[in-house]
Amino acid sequence: MTSPLMIEATGVEKWYPNGFHALRGAELEVRQGEVVVIMGPSGSGKSTFIRTFNGLEDFQKGSITIDGITLSDDIRNIDAIRREVGMVFQQFNLFPHLTVLENLTLAPVLVRKRPKAEVQRQALELLERVGIHEQAGKYPGQLSGGQQQRVAIARSLCMEPRIMLFDEPTSALDPEMVQEVLAVMQELARDGMTMVVVTHEVRFARQVASRVVLMADGVVVEQAPPEQFFTNPSHERSRQFLRQIA
Amino acid sequence: MTISFQRLRRELFATPLDGLISLVLIGVLLAAGSAFLKWMLFQAQWTVIQANSTLFALGRYPIDQQWRLWLLTTLLALATGTTWGLLRSGSTPRWPRNDLVAAVLLIALASAGTWALQLPFPIQLRWWLISGGLLVCRGVAGRFGSSLPLAVRRGAAVVWPVLYLVGMVLISGGLGLMPVPPSEWGGLLLTLLQSSFAILLCFPLGVMLALGRRSELPLLRWGSVVYIEFIRGAPLITLLFLGQNILGFLLPGGLAPDRVWRAAWVLTFFAAAYVAEAVRSGLAAVPSGQLEAARSLGLPLPQALIHVVLPQALRVALPATVGQFITLLQDTTLLSLIGLLDLLGTARTVMANPEFLGKSAEVYLTLAVLFWCCCAALGLGSRALETRLNTLHTPVKA
């Protein structure tokens, strides 16, 4: 593997203000173009871990370097990282007071200072790519959950990020809408986007992931290519987890 | 809106007990209503209002400078009509029922009001022209507004802050106009000035306090908390007295504002604490994911607040905030207790005049109606704003 390191997290420890020790020395390396799926039982710290990558959660020990920039308390530094890292949330978090198109164009115009007409053109292309360009003038509340999540993905892509983080992107969706969102993510992976995905979708992990990571109790227990992880895991903790979700 | 006998029967006399209650209530209402009407039409002596109408409106504003206020009223009426028309442009029918009702009310007020006050004919004519001008602007803007570019229509909002500044110059003088010191402002003029000044300034101040209260910077957070809780714990009248006495000591000689302005600032700082609490409830209603999503897109905190969080929070906080504005308008009557001649203060001087002794019922009733009109206007405006904001979109269910 010679492609450059996009994410390098070493010895990350986090305590919540209530004293809960959520991350206990979590480690992860992600190279350009890799799709890393993080799995694990609830409460294992998966979401907390990827939320530290763009500074949504702070951490007390260890270090995280994103695309060559080391996370520190410096606000400018965090904003610089956030411009390069897109994030998709479980609850979509679209801005309900803006139209779909405005949701996409807000950040590129304000943060990247790009001309509005140009951003709108790009936004419409992206919406076409995720299959909802007819809805550009609607408000998020008028769309289905699956459509909202696809808009959220397009919104992140409109900032032209180098890394995309997905925090359980299909967990809040009705079952019949899961596939349309996964299809968009699969296409994104095929185009070479570096992705870290927290999910319970085994089929997605098998088909798309370059590596599956199992987290438990705030640490990374095992990482392996999907075939090996699902058929012949090396750790007892992984076998236990696979039995539970089977 | 047809009143059917069947429906009346069903709603008022469904059971014998219902019928009894209805009869008793109708009796009470009729008795009170007829007694009130009898007093209003035959016993009350409205000369106290007719003779002092200018005093109630303006206080002791110099008579030879009153043309400035006529000019301001005219400008305000034209701006109101135009804004109203622009907001309604493109609607079908061109005059919705509510607008027709408002127009009829305005015409009725301009004719019946000026007649009841027995204003001289030239003054009556001026009121007719002003309300006519308002309605003409409403009609023209409503008819042609939709053919204007959106930027022009939105830009028209700039007229209001400009008009406010022009109004301040017209009222207080300067720029070549003869200065009229605040001590000569009075009546409805002073009441509206004080409340509009406080409403305009307490809103941004309240938003900043609410944001400060939720800030992660401890000094800012605790500063906001202490301020809000201190102000909300003290009665306004104490703060008004405090303001009159303390501001004079605290600020060096020339900087201490005039008594009228001191009161205006106290009202502003007082209302800001309450607006802050209303806005805080609005902020609490915005899911934390909104700020996270905005920050994840790389928006710095101020931009995330301005473009994502506040638009949603203020929509939620709007009804409570307007309620606060209405309270503020009514609270201006306390100014009479610190010796300012607002509507109530003016009324008290009029009632102290031996010529009008014993006419307090007439005076207080007039004040009540005036205040009710102002508050109703505020309330209607906010409801119109609310429906307008709500029709834009349905909220996301998270």
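## The four-stranded sheet of chain A

In this predicted model, Glu13(A) stands opposite Arg24(A), a residue of strand 2 of chain A. The neighbouring register is given by Lys14(A), whose bridge partner in strand 2 of chain A is Leu23(A). These residues belong to the antiparallel pairing of strand 1 (residues 5-15) with strand 2 (residues 21-31) of chain A, which extends over eight bridges. Five residues lie between the two strands in their hairpin, and Gly19(A) there takes a positive phi near 95°.

Strand 1 of chain A is also joined to strand 4 (residues 61-66) of chain A, by five bridges in an antiparallel arrangement. Within this pairing, Ile7(A) has Ile66(A) of strand 4 as its bridge partner, and Ala9(A) has Ile64(A). Strand 4 of chain A in turn pairs with strand 5 of chain A, in the antiparallel sense and over two bridges. Ile66(A) serves here as well, with Ile69(A) in strand 5 of chain A as its bridge partner. The hairpin of strand 4 and strand 5 of chain A has two residues between the strands, and Asp67(A) in the turn has a positive phi of about 50°.

Taken together, these pairings give an open sheet of four strands in chain A, with the order 2-1-4-5 and antiparallel pairing. Strand 2 and strand 5 (69-70) of chain A are its edge strands, each pairing on one side only. Helix 1 (residues 46-53) of chain A packs on this sheet and touches strand 1, strand 2 and strand 4 of chain A; the direction of the helix makes about 60° with that of strand 2 of chain A.

## The six-stranded sheet of chain A

Chain A also contains an open sheet of six strands, in the order 6-7-8-3-9-10 and with mixed pairing. Strand 6 (85-88) and strand 10 (219-224) of chain A each have a single partner strand, so one side of each is left without a neighbour in the sheet. On average, with direction ignored, neighbouring strands of this sheet are turned by 20° against each other. At one edge, strand 9 (residues 211-216) of chain A runs antiparallel to strand 10 of chain A, and five bridges join the two. Val212(A) has Ala224(A) of strand 10 of chain A as its bridge partner.

Which strands does helix 1 of chain A lie across? Helix 1 of chain A lies across strand 3 (35-39), strand 6, strand 7 (163-167), strand 8 (194-198), strand 9 and strand 10 of chain A, and runs at about 150° to strand 7 of chain A. Helix 1 of chain A therefore contacts strands of this sheet as well as strand 1, strand 2 and strand 4 of chain A. Helix 5 (residues 145-157) of chain A lies across strand 6 and strand 7 of chain A, and its direction is at about 170° to strand 6 of chain A.

## Helix packing in chain B

In chain B, the axes of helix 13 (residues 259-284) and helix 15 (residues 301-331) come within 8 Å and cross at roughly 145°. The crossing of helix 13 of chain B with helix 15 of chain B is right-handed. On the side of helix 13 of chain B, the contact includes Leu267(B), Phe270(B), Tyr274(B) and Val275(B). Helix 15 of chain B contributes residues including Leu310(B), Leu314(B), Phe325(B) and Asp331(B). By class, the contact between helix 13 and helix 15 of chain B has 17 nonpolar, three polar and one charged residues.

## Aromatic pairs

The count over all chains comes to 14 aromatic pairs. One of them is the edge-to-face pair of Phe121(B) and Trp128(B), at 6.1 Å centre to centre and with 75° between the planes. Phe121(B) counts as exposed because its relative accessibility is 52%, whereas Trp128(B), at 36%, counts as partly exposed.

Trp185(B) and Trp261(B) also form an edge-to-face pair, because their planes stand at 90°, with the ring centres 6.0 Å apart. This pair links distant parts of the chain: Trp185(B) is in the loop between helix 9 (159-172) and helix 10 (187-213) of chain B, and Trp261(B) is in helix 13 of chain B, 76 residues apart. Is each partner buried or partly exposed? Trp185(B) is buried, with a relative accessible area of 3%, whereas Trp261(B) counts as partly exposed at 22% relative accessibility. Both belong to a cluster linked by ring pairs, together with Phe197(B), Trp265(B) and Phe269(B).

Terms used:
Residues numbered from 1 in each chain as written. Chains lettered and ligands numbered in written order. Predicted model: local features only at pLDDT ≥ 70, side-chain atom pairs only at ≥ 80, totals over all residues. Heavy atoms only, no water. Axes fitted to C-alpha atoms, helices over the stretch in contact; angles between N-to-C directions. Left-handed = near helix turned anticlockwise from the far one by under 90°. Contact = heavy atoms within 4.5 Å. Nonpolar A, V, L, I, M, F, W, Y, C, P; charged D, E, K, R; others polar. Pairing = 2+ DSSP bridges. Phe/Tyr/Trp six-rings, centres within 6.5 Å; stacked < 30°, edge-to-face > 60°. Buried < 20%, exposed > 50% of the residue type's maximum accessible area, 1.4 Å probe, protein only.
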